[in-house]
Amino acid sequence: MTVAWLFAVLIALSIVGFIAARTRAMASAGGDMRNLHSLPSYYGSTAMLAVIVPSFIVLFAWLILQPIIIGPHRRPND
């Protein structure tokens, strides 16, 4: 899987997390924003960041450490 696809998947997961958290916050308030402590978009943003920040940290760490851990790819007859 290419890095571009991984970025796309992580962005899609963060968007799904945003929508799910925002919807869940509104549902817990009975559809009335005034019953919430914060705005619904803040709940969504928190969930989005909780998905994307650790994912990008792991992805960047793997991209840096992959050549060291796996080493250069060599064919058996070289």
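Select Phe60 to begin: in this predicted model its relative accessibility is 44%, so Phe60 counts as partly exposed, a label that applies between the limits of 20% and 50%. Keep Phe60 displayed and add Phe56, which lies 4 residues away in helix H2, a separation of about one helical turn. As background for this choice, an α-helix has 3.6 residues a turn, so residues three or four places apart point the same way. Phe56 has a relative accessibility of 18% and therefore counts as buried, the limit being under 20%. With both side chains shown, the ring centres of Phe56 and Phe60 lie 5.9 Å apart and the planes stand at 25°, so this pair is stacked, as angles under 30 degrees are.

Next, bring in Phe7, and rotate the view until its ring and that of Phe56 can both be seen. A search of the whole structure finds 3 aromatic pairs. In one of them, the rings of Phe7 and Phe56 have centres 5.3 Å apart and planes at 50°, so the pair is tilted. This pair joins distant parts of the chain, since Phe7 belongs to helix H1 and Phe56 to helix H2, with their positions 49 residues apart in sequence. Phe7 itself, at 28% relative accessibility, counts as partly exposed. Taken together, Phe7, Phe56 and Phe60 are linked by ring pairs into a cluster.

From Phe7, extend the selection to the whole of helix H1, residues 3-28. H1 contains 26 residues and reaches 37 Å from its first C-alpha to its last, which is close to the 38 Å expected at 1.5 Å a residue. Colour its buried residues, namely Leu10, Ser14, Gly17, Ala21, Ala25 and Met26, and then show H2, which is included in what covers them.

Which residues does Ser14 touch, leaving aside those up to four places away in sequence? Selecting Ser14, which sits in helix H1, and displaying its surroundings brings up Met48, Val51 and Ile52 as the residues it touches under that restriction. The relative accessible area of Ser14 is 2%, so Ser14 is buried, the limit being under 20%.

Now follow the chain out of H1 and into the loop that leads to helix H2, residues 40-70; Ala29 is found in this loop. Is Ala29 buried or exposed? Its relative accessible area is 10%, so Ala29 is buried, again by the limit of under 20%. Outside the residues up to four places away in sequence, Ala29 touches Asn35 and Leu36. Draw a distance from Ala29 to Pro40, C-alpha to C-alpha, and the value is 9.9 Å for two residues that are 11 apart in sequence. A second distance, from Ser14 to Leu36, gives 22 Å between C-alpha atoms, and these residues are 22 apart along the chain. While the backbone is in view, select Gly30, which follows H1 and has a positive phi, near 70°.

Move on to the charged side chains of Arg34 and Asp32, which meet in a salt bridge at 3.2 Å, N to O. A search of the whole structure finds 1 salt bridge. Arg34 has a relative accessible area of 73% and is therefore exposed, being over 50%, whereas Asp32, at 24% relative accessibility, counts as partly exposed.

Finally, clear the selections and look at the whole chain, which has 2 helices and 0 strands. Its radius of gyration is 19 Å, well over the 12 Å that the globule rule gives for 78 residues, so the chain is more spread out than a compact globule. Aligned to its principal axes, the C-alpha atoms fill a box of roughly 70 × 15 × 15 Å. If the view is coloured by accessibility, buried residues make up 17% of the 78 residues, and with a surface drawn, the chain exposes about 6,200 Å², of which carbon and sulfur atoms supply 70%. A contact map can close the tour: among contacts between residues at least 6 apart in sequence, 49% join residues at least 24 apart.

Terms used. Residues are numbered from 1 along each chain as its sequence is written. This is a predicted model: local features need pLDDT of at least 70, side-chain atom pairs count only at pLDDT 80 or more; totals for chains, interfaces and linings use all residues. Side-chain values use heavy atoms; hydrogens and water are left out. Buried means under 20% relative accessible area, exposed over 50%, partly exposed in between (1.4 Å probe, protein chains only). Contact means heavy atoms within 4.5 Å. The expected span of a helix is 1.5 Å times one less than its number of residues. Rings of Phe, Tyr and Trp (its six-membered ring) pair if their centres lie within 6.5 Å; planes under 30 degrees apart count as stacked, over 60 as edge-to-face and the rest as tilted. A salt bridge is a side-chain nitrogen of Lys or Arg within 4 Å of a carboxyl oxygen of Asp or Glu. The radius of gyration is taken over C-alpha atoms; the globule rule is 2.2 Å times the number of residues to the power 0.38. Accessible areas come from the Shrake-Rupley method with a 1.4 Å probe; for residues, only the protein chains shown count as cover.
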